[in-house]
Amino acid sequence: RVMTVTVECARGLMGDSAADSLDPYCIVRIGGQEFKTNVVTDAGVSPTWNWSTTLVYNGEPEIEFTVMEYDQFSKHSTPG
C-alpha cells in the first residue's frame with residue numbers, strides 16, 4: 001500500500017536569534033524509509049514547508065518526524 005505524508009509547518013521552534021535565524025528541515029522516518037523536506041532558509045521559529053511525498057506503507061505502527069537545523073559549516077542538529 002502507498003500513503004501520502006504531508007509536512008505542512010512547525011511552530012515555536014527554539015534556537016532562533018537576531019544573529020542567526022533558523023534554517024530548518026524535517027526528516028520523516030517510517031520503517032526503513034527516510035525522507036527529507038527542503039531546507040527553509042532564514043525561516044525563524046515557524047517554518048512552512050508544504051511538502052508531500054508518497055511512501056510505501058507496510059503496516060508500521062508509527063511514523064517519526066524530526067526537525068533539524070541545517071548548518072553549512074558544522075553537523076546539523078535539532079533546534080534549540
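Accessible areas are obtained here by the Shrake-Rupley method with a 1.4 Å probe.

**Figure 1. Overall view of the predicted protein chain.** By that method, the protein chain exposes about 5,100 Å², and carbon and sulfur atoms supply 49% of this area. The C-alpha atoms fill a box of roughly 45 × 25 × 20 Å along the principal axes. Of the 80 residues in the protein chain, 32% are buried. Among contacts with a separation of 6 or more, 58% are accounted for by residues 24 or more positions apart in the protein chain.

**Figure 2. Secondary structure and charged side chains of the protein chain.** The protein chain contains five strands and zero helices, which gives the pattern β-β-β-β-β when read along the sequence. Its side chains include 5 positive and 11 negative ones. The centres of these two sets lie 8 Å apart.

**Figure 3. The open sheet formed by three strands.** The strands are arranged in the order β3-β2-β5, with antiparallel pairing. Strands β3 and β5 (64-69) are the edge strands, each of which pairs on one side only. On average, neighbouring strands of this sheet are turned by 20 degrees against each other, direction ignored. As a general rule, side chains in a regular strand alternate between the two faces of the sheet.

**Figure 4. Close-up of the hairpin formed by β2 and β3.** Strand β2 comprises residues 24-30 and strand β3 residues 33-36. The two strands run antiparallel and are joined by four bridges. Within this pairing, Val28 stands opposite Phe35 in β3, while Arg29 has Glu34 in β3 as its bridge partner.

**Figure 5. Close-up of the turn between β2 and β3.** Two residues lie between the strands of the hairpin. In the turn, Gly31 has a positive phi of about 60 degrees.

**Figure 6. Close-up of Phe73 in the segment after β5.** Is Phe73 buried or exposed? Phe73 has a relative accessibility of 76%. Because the cut-off for an exposed residue is over 50%, Phe73 counts as exposed. Phe73 and Pro24 are 49 residues apart in sequence; their C-alpha atoms are 15 Å apart in space.

Conventions
Residues numbered from 1 in each chain as written. Predicted model: local features only at pLDDT ≥ 70, side-chain atom pairs only at ≥ 80, totals over all residues. Heavy atoms only, no water. Pairing = 2+ DSSP bridges. Axes fitted to C-alpha atoms, helices over the stretch in contact; angles between N-to-C directions. Buried < 20%, exposed > 50% of the residue type's maximum accessible area, 1.4 Å probe, protein only. Contact = heavy atoms within 4.5 Å. Lys, Arg positive; Asp, Glu negative; His and termini not counted. Charge placed at Lys NZ, Arg CZ, Asp CG, Glu CD.
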